[in-house]
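Please look through the structure below with the side chains displayed, and keep the sequence numbering at hand while reading.

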Amino acid sequence: MPIVKKRNLQTETRLLLEADEPVELPPAEIEDRDVLVQFDQFKPFISELLEELRAGTTAEPVAVMNDGSTFAIHGETRTFWVKLWHAAGSEMTKIDRAQIISCLPSTQGVQVVVEDYSDEQLEED
């Protein structure tokens, strides 16, 4: 299971999602107030993240973070870098806390075409 238990002073109530491979998240309960943002400029996009988490989605590890607990969640218009804490015993169907680390315009489905002019330049030389 791709979850690591984190202890608090009372009991194990929250589980931090950690994995080296993509994780299929089932539809989950999450309250609006349970989303924290790294920067206020991300606040207008919280509803898009909530929609994805409530519907179920794939969480892809963000390799450049190198911590095993930061995941990319792709929304309709944005890609969110998040840390997720699930309620213990909920089988990932209740999220106690989501922290948005970054929020970028989505580039899924965008193709960049770079033309190869190397032959033309050789002919001109």
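The paragraphs that follow take up a helix, a residue in a strand and a residue in a loop.

The model is predicted, and a convenient place to begin is helix 1, which spans residues 46-55. Within helix 1, Ile 46, Glu 48, Leu 49, Leu 50, Glu 52 and Leu 53 are buried. An α-helix has 3.6 residues a turn, so residues three or four places apart point the same way. The buried residues of helix 1 pack against strand 3 (23-25), strand 4 (35-37), strand 5 (57-61), strand 6 (71-74), strand 7 and strand 8 (95-105). After helix 1 comes Gly 56, with a positive phi near 95°.

Strand 7, which covers residues 78-87, contains Leu 84. Leu 84 counts as buried because its relative accessibility is 0%, where the cut-off for buried is under 20%. Leaving out residues up to four places away in sequence, Leu 84 touches Leu 53, along with Leu 15, Leu 16, Leu 17, Leu 25, Ile 95, Arg 97 and Ala 98. Although Leu 84 and Leu 17 are 67 residues apart in sequence, their C-alpha atoms lie 5.7 Å apart in space.

Leu 17 appears again among the contacts of Ser 69, a residue placed in the loop between strand 5 and strand 6. Is Ser 69 buried or exposed? Its relative accessibility is 5%, and therefore Ser 69 counts as buried. Apart from neighbours within four places in sequence, Ser 69 is in contact with Leu 16, Leu 17, Glu 18, Val 82 and Lys 83. With Lys 83 there is also a polar contact, made between the side chains of Ser 69 and Lys 83 at 2.7 Å.

How values were computed
Residues are numbered from 1 along each chain as its sequence is written. This is a predicted model: local features need pLDDT of at least 70, side-chain atom pairs count only at pLDDT 80 or more; totals for chains, interfaces and linings use all residues. Side-chain values use heavy atoms; hydrogens and water are left out. Helices (H or I, at least four residues) and strands (E, at least two) are DSSP runs, numbered from the N terminus. Buried means under 20% relative accessible area, exposed over 50%, partly exposed in between (1.4 Å probe, protein chains only). Contact means heavy atoms within 4.5 Å. A polar contact is a pair of N or O atoms within 3.5 Å; within protein, one must be able to donate a hydrogen and the other to accept it, and residues adjacent in sequence count only if both atoms are side-chain atoms.
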